[in-house]
Amino acid sequence: MIKTDTLIIGAGPVGLFCVHQLGIIGLKCEVVDNLDKIGGQCIELYPDKPIYDIPAIPECTGEELTNGLLKQIEPFKAGFHLGQRVEEIKQEILEITDLQKKLEKIKNIKNVVYKNGLIKFNKKSFKFNSVIQEAYLNRISLSSSGFYSTPKIHFNKKMFSGRPFLYFCYGASVTEVTIDTLTGENIIDRVDILQDAGKAINPALELGQIEGGFVQGQGWLTMEEVNWKPNGQITTTSPSTYKIPASSDIPKIFNVEIFKQGKNKENVVNKSKTTGEPPLMLAMSVFYAIKDAVASAGEYKVIPKLDAPATPEKILMSLNELKNRIRSVSYTHLTLPTTPYV
Ligand SMILES: Cc1cc2nc3c(=O)[nH]c(=O)nc-3n(C[C@H](O)[C@H](O)[C@H](O)COP(=O)(O)OP(=O)(O)OC[C@H]3O[C@@H](n4cnc5c(N)ncnc54)[C@H](O)[C@@H]3O)c2cc1C
């Protein structure tokens with residue numbers, strides 16, 4: 001008896017294509033055909049006839065098409081059983097493929113345990129991957145949706161007290177910038193971030209989230225200016241007028257680390273913490289680094305006036321205002337930059 005993941009009846013072009021598709025997702029196939037050769041109608045009825053309607057192949061014969069398909073499935077080592085006709089499909093096989101029924105049964109089973117890649121219930125265990133593959137091949141969606149209500153939170157608006165959040169996310173960042181005092185342009189030279197992701201579920205993914213969140217905040221505080229006309233009409237409605245960070249704007253040196261000892265005290269998935277949005281706030285360090293750079297142009301004698309987003313225009317306005325303020329007060333001993341101050 002041969003055990004296989006899939007049985008294909010018919011070694012015509014469709015059967016061969018199935019071997020390929022199933023092979024890609026790791027399923028082994030056994031193919032049975034009535035004919036003594038592989039290729040179905042293409043080989044049996046018109047091996048020499050030119051075919052013009054195969055995508056990406058301008059012209060080929062029935063035989064060439066079959067040979068091409070055979071070459072394509074070579075790596076998957078399908079077993080072929082030629083000259084054999086399938087007369088009957090036994091009931092047990094039908095039952096196995098009837099996954100819908102099986103899943104219905106599973107739904108009602110209690111004490112389903114998932115451990116070390118295996119799903120265990122009723123003293124049986126199944127490989128997680130094989131269940132997923134079977135569901136996929138049977139077009140059964142494994143997605144589900146639901147509504148989550150954060151536990152333990154409450155807030156008294158009158159007393160302004162309570163617990164508005166289940167947990168807090170912590171992070172720290174240090175940013176170094178260069179500003180051009182003639183144009184107001186700025187470059188983010190270096191950013192160092194340490195972020196608490198709790199017990200991170202997938203550190204590679206969390207790092208991407210942290211970088212993305214930070215750059216989003218960087219855009220918010222340095223370029224994403226929103227303008228309205230006096231009649232209330234917004235003028236920055238599209239990327240032609242609303243500037244967002246591009247890949248060239250990311251910090252030249254960008255060091256992101258996850259706090260390794262992190263662990264959420266609350267009972268959440270894997271004791272992790274969200275990393276999607278909290279790092280956005282770390283971009284405050286970009287704004288204050290720019291403000292600090294402006295202050296340095298006045299030798300830190302006065303605090304610059306700088307509004308967010310710190311666009312080149314705002315930085316230049318801030319530098320000019322700083323210069324005028326210093327001149328008007330008794331800071332005459334200061335040497336203000338006349339050449340680009342970077
Ligand atoms: C003369 C001719 C010219 C054609 N020209 C073109 C063309 O130019 N372009 C084009 O795109 N298409 C063309 N076609 C159509 C094309 O050949 C078919 O659409 C294609 O072969 C179908 O592939 P298939 O794998 O589904 O079936 P088939 O090629 O029919 O293969 C099915 C296989 O299953 C086997 N089988 C069936 N039942 C059993 C069983 N119970 N047990 C074991 N084995 C079994 C058969 O022996 C056969 O080998 C042409 C067809 C003909 C007849």
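## Helix H7 and its packing

Two residues count as being in contact here if their C-beta atoms, placed from the backbone, lie within 7 Å. With that in hand, let's look at helix H7 in this predicted model. The buried residues of H7 pack against three elements: strand S12 (186-195), strand S13 (253-258) and helix H8 (284-297).

Which residues of H7 are buried? They are Glu206, Gln209, Ile210, Gly213, Phe214, Val215, Gly217, Gln218, Gly219, Leu221 and Thr222. The helix itself covers residues 203-222, 20 residues in total. From first C-alpha to last, H7 reaches 28 Å, close to the 28 Å expected at 1.5 Å a residue.

## The parallel sheet

Now to a sheet of 3 strands, which is open and has the order S1-S2-S5, with parallel pairing. Its edge strands are S1 (6-9) and S5 (79-82), each of which pairs on one side only. From one strand to the next, the twist averages 20°.

A closer look at one pair in this sheet: S1 and strand S2 (residues 29-33) are joined in the parallel sense over 4 bridges. You can pick out one of the partnerships by eye, as Ile9 has Val32 in S2 as its bridge partner.

## The antiparallel sheet and helix H6

A further open sheet is built from 3 strands in the order S6-S7-S8, and here the pairing is antiparallel. Why is one side of S6 and of S8 left without a neighbour in the sheet? Strand S6 (113-115) and strand S8 (124-127) stand at the edges and each has a single partner strand, so one side of each has no neighbour there. The twist in this sheet averages 25° from one strand to the next.

S6 and strand S7 (residues 118-121) run antiparallel and are joined by 3 bridges. Lys115, for its part, has Leu118 in S7 as its bridge partner. Across S6, S7 and S8 lies helix H6 (residues 128-137), which runs at about 70° to S8.

## Around the ligand

Finally, the ligand. There are 20 residues around it, and those that come nearest are Gly10, Gly12, Val14, Asn34 and Gly40. Which elements give two or more residues to this shell? They are helix H1 (13-24), S2 and helix H2 (40-44). S2 is thus worth finding twice on the model: it pairs with S1, and it contributes to the shell around the ligand.

By residue type, the shell around the ligand divides into 11 nonpolar, 6 polar and 3 charged residues.

How values were computed: Residues numbered from 1 in each chain as written. Predicted model: local features only at pLDDT ≥ 70, side-chain atom pairs only at ≥ 80, totals over all residues. Expected span 1.5 Å × (residues − 1). Buried ≥ 20, exposed ≤ 12 C-beta atoms within 10 Å, placed from the backbone. Pairing = 2+ DSSP bridges. Axes fitted to C-alpha atoms, helices over the stretch in contact; angles between N-to-C directions. Near = placed C-beta within 6 Å. Nonpolar A, V, L, I, M, F, W, Y, C, P; charged D, E, K, R; others polar.
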